[in-house]
Each structure stands twice: as structure tokens, then as C-alpha cells.
Amino acid sequence: NVQALRDDPISILNLHRRLIALRRRHPALSIGTFRLMDVQGDAIVYQREWGGEIILVCLNFGNREQVISMPAQFARPSILASTYLDRAGPIVDLALRPDEGVILVPD
């Protein structure tokens with residue numbers, strides 16, 4: 001029920017709420033240009049840009065971990081959002097877990 005979803009920090013309801021809030025704070029995610037950066041195995045990496053802000057979206061649609069080669073400008077990005085709540089802070093290498101999505105900004 002809705003109450004159970006509200007109380008669960010990793011529920012699909014709370015994920016959607018976090019993503020909607022992120023989209024409102026970062027216009028690049030809604031009106032920015034789209035640029036496909038790479039497809040690696042079952043993962044897709046694309047960039048959104050608007051008004052000088054650049055955001056990288058990495059999605060793993062597979063059922064195995066997928067290591068992502070980061071573009072040069074994202075050598076040490078910070079995480080804006082992830083489908084898992086245990087990711088935080090800058091990262092060096094990005095190993096996406098199965099069905100994981102991560103939204104990054106350059107550091």
C-alpha cells in the first residue's frame with residue numbers, strides 16, 4: 001500500500017519522488033540537449049546539457065554488473081542520484097550493478 005511505500009526509502013515511489021525533484025533542480029535533465037556518449041554491453045551512457053550544466057546518465061539494463069568507461073570530463077564525478085541509496089560522494093570507476101541507474105555531474 002501507499003503507506004508502506006512512503007515508509008520504505010528504497011521504494012519505487014520514493015525513487016520517483018527523488019528523480020522528479022532532481023529534474024526540477026536541474027533543467028539540463030528536462031530541456032537540455034541529448035548526446036549519446038556510449039553503449040557498453042547492456043549499459044547506455046548519455047549526456048544532458050543546458051546553460052553550462054552537464055549531467056551524465058548511466059543506465060545498466062542487464063542482469064550483470066557493467067563497468068562504465070567515464071568520459072574525460074567526468075574523471076571524478078559526483079553522484080546526484082542512484083537507484084541504490086548506498087552510493088555517495090565522488091567516484092573513480094563506475095561499476096553499475098544489475099538494473100542500476102546513476103546520474104552524475106563533473107566534480
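Here are a few short exercises on this predicted model, each with a worked solution.

Residues are counted from 1 along each chain as its sequence is written. Because the model is predicted, local features need pLDDT of at least 70, side-chain atom pairs count only at pLDDT 80 or more, and totals for chains, interfaces and linings use all residues, while side-chain values use heavy atoms, with hydrogens and water left out.

**Exercise 1. Work out the order of helices and strands in the protein chain.**

Start with the terms: helices (H or I, at least four residues) and strands (E, at least two) are DSSP runs, numbered from the N terminus. Next, take the tally, which is 2 helices and 7 strands. Then read along the sequence and you get α-α-β-β-β-β-β-β-β.

**Exercise 2. Check the radius of gyration against the globule rule.**

The rule is 2.2 Å times the number of residues to the power 0.38, with the radius taken over C-alpha atoms. For 107 residues, a compact globule would come out near 13 Å; the protein chain has 14 Å, so the two agree. For the box, go along the principal axes: the C-alpha atoms fill roughly 45 × 35 × 20 Å.

**Exercise 3. Decide whether Asn14 is buried or exposed, and find what it touches.**

First, place it: Asn14 sits in helix H2 (residues 12-25). Now the cut-offs: buried is under 20% relative accessible area, exposed is over 50%, and partly exposed lies in between (1.4 Å probe, protein chains only). Asn14 has 12% relative accessibility, so it counts as buried. Chain-wide, buried residues make up 38% of the 107 residues. For contacts (heavy atoms within 4.5 Å), skip residues up to four places away in sequence, and Asn14 touches Leu5, Arg6, Asp8 and Pro9.

**Exercise 4. Take apart the largest nonpolar core.**

A nonpolar core is a set of buried Ala, Val, Leu, Ile, Met, Phe, Trp, Tyr and Cys residues joined through side-chain atoms within 4.5 Å. The largest one has 14 residues, and those with the most contacts inside it include Leu56, Ile68 and Leu94. Two or more residues each come from strands E2 (43-50), E3 (53-60), E6 (94-96) and E7 (101-105). E3 gives the largest share, 3 residues. Zoom in on Leu94: leaving out residues up to four places away in sequence, its contacts include Cys58, Ile68, Met70 and Leu104. There's also a second, separate core of 9 residues, with Ala28, Ile55, Ala81 and Val105 among them.
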